[in-house]
Amino acid sequence: SCDQDKEYVGFATLPNQVHRKSVKKGFDFTLMVAGESGLGKSTLVNSLFLTDLYKDRKLLNAEERITQTVEITKHTVDIEEKGVKLKLTIVDTPGFGDAVNNTECWKSVADYIDQQFEQYFRDESGLNRKNIQDNRVHCCLYFISPFGHGLRPLDVEFMKALHEKVNIVPVLAKADTLTPTEVKRKKIKIREEIEQYGIKIYQFPDCDSDEDEDFKQQDQELKDCIPFAVIGSNTVVEAKGKRVRGRLYPWGIVEVENPAHCDFVKLRNMLVRTHMQDLKDVTRETHYENYRAHCIQSMTRMVVKERNRNKLTRESGTDFPIPMVPGATDTETEKLIREKDEEVRHSPCQKPHEQTQHHEQHPEPEPRVDPPSEPPPSAEPHSKGS
Ligand code: GDP
């Protein structure tokens with residue numbers, strides 16, 4: 001009743017305004033999948049978004065893979081659901097872990113992520129900040145093999161190299177190859193190792209204290225689920241009279257979307273329904289901010305260095321807010337000055353007439369003109385001297 005007494009200004013519609021605007025604009029999300037080839041990355045992505053993103057994929061043979069370098073590929077699809085548009089970009093890393101020597105094979109992935117940050121940084125520091133294409137990677141699903149004993153050295157190296165650049169969500173691939181007890185044990189082992197090696201994977205935000213109990217329980221279950229045990233399939237099979245996405249074995253059917261069989265639905269809900277915005281926020285507020293701060297720091301350091309160098313050589317500091325390419329600009333300027341000096345030295349005597357004419361062409365007096373040795377032809381006839 002107290003609320004009804006108050007006059008209604010109308011800002012309660014703000015959420016609706018935001019809603020309308022963002023629906024109109026559409027959403028985007030960039031997901032990276034990484035991990036050894038053959039772990040089911042493409043199959044899982046297709047199962048997650050019910051699209052065939054890998055129609056034109058070319059698989060390499062063993063010989064080609066020996067010297068393979070990590071390639072980065074990008075597939076974009078526009079999907080729409082109930083009028084809400086989502087531009088989904090999947091970044092794949094074929095060749096990761098495929099070569100004989102895989103030291104530093106995470107480097108091209110790290111470089112790719114940095115390049116996207118760099119592009120964004122340039123764009124947002126530029127003149128036109130409208131319509132910036134944001135290609136920053138919001139989440140990286142890292143596939144862990146179900147056949148090893150916990151994490152392999154490459155997994156540790158990859159995650160440690162990237163955990164400050166991107167939200168890493170580890171997944172236990174091909175979970176149908178393990179029994180429920182094995183899945184449980186592997187998850188515990190992997191979680192322990194993640195902790196032991198100081199790997200910072202994506203942290204689900206804490207639940208608000210005023211959330212209901214059901215929600216809190218679901219949130220805790222999600223956190224306990226790491227790494228998500230996943231199963232992917234490109235085929236639809238019939239199970240108990242229903243057509244479901246699954247894998248058919250002589251001894252039975254494993255259903256991708258059955259929570260008793262794997263964590264596929266939990267992962268999809270997390271990625272799409274509950275945490276997509278948080279993944280984007282963390283990318284913007286933490287990972288990109290880190291990159292930006294580093295960038296600005298090193299730019300400032302360069303300017304200070306440049307100033308000190310100039311002080312030593314010419315006693316004049318530069319005041320450029322943006323660092324200049326070291327060396328290049330200095331030599332360019334020096335070269336120009338030298339050329340100008342030469343020109344002046346070799347130029348014939350200045351012709352006073354030309355100069356006066358030049359002076360006359362300008363309605364406004366020039367700040368400094370050498371006095372001509374003869375009076376100009378256009379000099380005033382009644383001037384004192386004549
Ligand atoms: P990628 O190289 O990581 O993209 O792997 P693919 O998606 O191409 O899958 C490689 C092989 O593993 C294919 O034969 C898939 O049918 C199979 N596969 C994919 N997902 C699963 C899974 O969840 N369980 C099992 N058992 N096999 C899978």
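# Briefing: salt bridges, cavities and backbone oddities

Ile79 sits in strand 2, which covers residues 73-81. Keep in mind that this is a predicted model. With a relative accessibility of 23%, Ile79 counts as partly exposed. Leu50 is 29 residues away from Ile79 in sequence, and the two C-alpha atoms are 9.9 Å apart in space. Beyond that pair, the structure has 19 salt bridges, two cavities of 30 Å³ or more, and a nonpolar surface patch of about 360 Å². The details follow by topic.

**Salt bridges**

- A search through the whole structure turns up 19 salt bridges, among them the pair Glu257 and Arg268.
- In the Glu257–Arg268 bridge, the closest N and O atoms are 3.4 Å apart. Glu257 is in the loop between strand 9 (252-255) and helix 9 (264-274), while Arg268 is in helix 9, so this bridge ties together parts that are 11 residues apart in sequence.
- The two partners of that bridge fall into separate burial classes: Glu257 is partly exposed at a relative accessible area of 37%, whereas Arg268 is buried at 18%. Arg268 gets the buried label because the cut-off for that class is under 20%.
- Arg284 and Glu285 also pair up through their side chains, in a salt bridge with an N to O distance of 3.1 Å. Both ends have some exposure: Glu285 is partly exposed at 49% relative accessible area, and Arg284 is partly exposed at 38%. Glu285 stays in the partly exposed class because exposed means over 50%.
- Glu289 bridges to Arg292, with 3.8 Å between the closest N and O atoms. This value still counts because the cut-off for a salt bridge is within 4 Å.
- Helix 10 (residues 276-314) holds both Glu289 and Arg292, and they are three residues apart there, about one turn of the helix. Glu289 is partly exposed at 35% relative accessibility, and Arg292 is partly exposed at 28%.
- Which residues are linked in a network of salt bridges? Glu36, Arg152 and Asp155 are.

**Nonpolar surface patch**

- Val9, Phe11 and Leu14 make a nonpolar surface patch of about 360 Å².
- Phe11 is in the loop between helix 1 (2-5) and helix 2 (14-25). At 62% relative accessibility, Phe11 counts as exposed.

**Second largest cavity**

- There are two cavities of 30 Å³ or more in the structure, and the second largest has a volume of about 30 Å³.
- Its lining is made by Asp28, Phe29, Thr30, Lys87, Thr89, Asp134 and Asn135.
- Strand 1 (27-34) and strand 3 (84-92) are the elements that give two or more residues to that lining. Which of the elements gives the most? Strand 1 does, with three residues.
- What is the chemical make-up of this lining? The residues split into one nonpolar, three polar and three charged.

**Backbone geometry**

- Ile226 and Pro227 are joined by a cis peptide bond, with omega at about -10 degrees. Pro227 is in the loop between helix 8 (213-224) and strand 6 (228-229).
- Lys174 is not a glycine, yet its phi is positive, at about 45 degrees. Lys174 is in the loop between strand 5 (168-172) and helix 7 (180-196), and at 32% relative accessibility it counts as partly exposed.
- Lys240 also has a positive phi, near 50 degrees, in a residue other than glycine. The loop that holds Lys240 runs between strand 7 (236-239) and strand 8 (242-249).
- Is Lys240 buried or exposed? At 75% relative accessibility, Lys240 counts as exposed.

Notes:
Residues are numbered from 1 along each chain as its sequence is written. This is a predicted model: local features need pLDDT of at least 70, side-chain atom pairs count only at pLDDT 80 or more; totals for chains, interfaces and linings use all residues. Side-chain values use heavy atoms; hydrogens and water are left out. Helices (H or I, at least four residues) and strands (E, at least two) are DSSP runs, numbered from the N terminus. Buried means under 20% relative accessible area, exposed over 50%, partly exposed in between (1.4 Å probe, protein chains only). Patches are made of residues with over 30% relative accessible area and no salt bridge: like charges are joined within 9 Å, nonpolar side chains (Val, Leu, Ile, Met, Phe, Trp, Tyr) within 5 Å. Accessible areas come from the Shrake-Rupley method with a 1.4 Å probe; for residues, only the protein chains shown count as cover. On a 1 Å grid over the protein atoms alone, a cavity is a set of points where a 1.4 Å probe fits but cannot get out, and a pocket is an open set with protein on both sides within 12 Å along at least five of seven lines; lining residues have an atom within 4 Å of a point. Grid points are joined across faces, edges and corners, and a volume is the space filled by probe spheres set on the points. Ala, Val, Leu, Ile, Met, Phe, Trp, Tyr, Cys and Pro count as nonpolar, Asp, Glu, Lys and Arg as charged, and the others, Gly among them, as polar.
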